[in-house]
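Student: Hey, I've got a structure open that I've never looked at before. Can you walk me through it?
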Amino acid sequence: MYDGKRILIIDQLNLFFRNYIVNPSLSTNGAPIGALKGCFQSLQKICRESKPDLIVICWDGEGGSKKRKLMKKDYKAGRKPIRLNRSIRNMSEGQEVENKFWQQTRLVEYYNQVPIVQFMFKGTEADDIIAYLSQLKEFEKAEKLIVSSDKDFFQLLTAKTVQYRPVQKEILNQKSILEKFNVHPTNFAMARAMEGDKSDNIDGIEGLGLKTIAKRFPFLKEEKATTFKDILGYCRQKSEETKVKAYHKILENEDILRRNYHMMQLYNPILSIKAKKVIRETIRAPDCSFNKTELIKMMMKDGFGEINFIDLFQQFNRIAIDNR
């Protein structure tokens, strides 16, 4: 069904917050609508350049990843609340939070009017949904384009899966990850487990960044998946031959390495059986209807109906017709 097709897979909260923070657009009553308007403008640009045959939106579910929080209680703790990037503020922090929630909920309603598939599951991160979709049997012979600035998706890149990072304005594939980091996507989660991820409050092993990791473990650039046994055995061997701290540090912090890997790897997504079933059934028979009239009404009501979305609407029409 999807052989030779191009699938656009969007990390929606990543795209939402990017537009929410930087887009200063206001509605006629003075309320911020930057995320709403900006997400459609971003989507138009992405669709114009990629011409997808199917668009899949992935949201973080309520509560985030329960399983990762069980592995590390303070996972993603300490993050500062995301606020509007404005020199002049006309809303209190509470009003901004309320508006942000409204824009997010409203965007879901907008997407329900267009030929887009949306997924959101309670206690589940978008990362796992995206990972499952990228490895879905139905998409095996399709081109997958992941839209997110998140490094977590580097590990998913293959000959058929690439990543577009809007903030960095770069497109990455398997080859570019190898050239940039000297680590193969197959082994990227292992490398990042050593490094950690400050943005998610995942502490790494002291003194280990990606450059040092690639230098000390040259076999990570190979396509063959590296195991804990490979890493620990190599560290034991090297710790007897050299005084290089990296090898000793890993042996001393094996528990951190294992915990981080299980939290950060996406090769085996953390998804319930029910969620997997919903995704498979939806992809096999997606609802790609396009209610253009209702969409324009909503845009007019929310204060950005004057924007020219003709290119995006043409893409929506094509997708709707092709998926009838």
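Student: Let's start with empty space. How much space lies in the largest pocket?
Tutor: This is a predicted model, and in it the largest pocket holds about 1,300 Å³ of space.

Student: And which residues are the closest to its centre?
Tutor: Those are L13, F17, D60, R79 and I82, out of 37 residues that line the largest pocket.

Student: Okay, which elements give two or more residues to that lining?
Tutor: Look at α1 (12-22), α4 (93-111) and α5 (126-134). The most comes from α4, which puts six residues into the lining of the largest pocket.

Student: How does that lining divide by class?
Tutor: You get 16 charged residues, 12 nonpolar and nine polar in the lining of the largest pocket.

Student: What about the second largest pocket, how much space is in there?
Tutor: About 240 Å³. It's lined by 13 residues, and R6, S50, L145, V162 and I171 are the closest to its centre. As for elements, α2 (34-50), β4 and β5 (161-165) each bring at least two residues to that lining.

Student: And by class, how do those residues divide?
Tutor: Six are nonpolar, five are charged and two are polar in the lining of the second largest pocket.

Student: You mentioned R6. What does R6 stand opposite?
Tutor: R6 faces E143 in β4. Strand β1 (residues 6-11) pairs with strand β4 (residues 143-147) in the parallel sense, over five bridges.

Student: Which other strand does β1 pair with?
Tutor: Strand β2 (residues 54-58), also in the parallel sense and over five bridges. Here you can find I10 standing opposite I57 in β2.

Student: How many residues of β1 are buried?
Tutor: Five of its six, so "mostly covered" is a fair way to describe β1.

Student: Switching to the inside. How many residues does the largest nonpolar core have?
Tutor: It has 65 residues, and F40, Y111, L133, I283 and F316 have the most contacts inside it. The largest share of this core comes from α2, with seven residues.

Student: Pick L133 for me. What is L133 in contact with?
Tutor: If you skip its neighbours within four places in sequence, L133 touches I9, V56, C58, F119, F139, I279 and I283. Apart from that core lies another one of 32 residues, including L157, F181, L210 and I256.

Student: Is there some general idea behind cores like that?
Tutor: Yes: in soluble globular proteins, nonpolar side chains tend to be buried together.

Student: New topic, K67. Where is K67, and is K67 buried or exposed?
Tutor: K67 sits in helix α3 (residues 66-71). K67 counts as exposed because its relative accessibility is 51%, and the cut-off for exposed is over 50%.

Student: How many residues apart are K67 and E223 in sequence, and how far apart in space?
Tutor: They're 156 residues apart in sequence, and 28 Å apart from C-alpha to C-alpha.

Student: Last one, T212. Which helix is T212 in?
Tutor: Helix α8 (residues 210-216).

Student: Why does T212 count as partly exposed?
Tutor: Because its relative accessibility is 29%, and partly exposed covers what falls between buried, under 20%, and exposed, over 50%. You can also check T212 against A191: they are 21 residues apart along the chain, and their C-alpha atoms are separated by 10.0 Å.

How values were computed
Residues are numbered from 1 along each chain as its sequence is written. This is a predicted model: local features need pLDDT of at least 70, side-chain atom pairs count only at pLDDT 80 or more; totals for chains, interfaces and linings use all residues. Side-chain values use heavy atoms; hydrogens and water are left out. Helices (H or I, at least four residues) and strands (E, at least two) are DSSP runs, numbered from the N terminus. Buried means under 20% relative accessible area, exposed over 50%, partly exposed in between (1.4 Å probe, protein chains only). Two strands pair if DSSP finds at least two bridges between them. On a 1 Å grid over the protein atoms alone, a cavity is a set of points where a 1.4 Å probe fits but cannot get out, and a pocket is an open set with protein on both sides within 12 Å along at least five of seven lines; lining residues have an atom within 4 Å of a point. Grid points are joined across faces, edges and corners, and a volume is the space filled by probe spheres set on the points. Ala, Val, Leu, Ile, Met, Phe, Trp, Tyr, Cys and Pro count as nonpolar, Asp, Glu, Lys and Arg as charged, and the others, Gly among them, as polar. A nonpolar core is a set of buried Ala, Val, Leu, Ile, Met, Phe, Trp, Tyr and Cys residues joined through side-chain atoms within 4.5 Å. Contact means heavy atoms within 4.5 Å.
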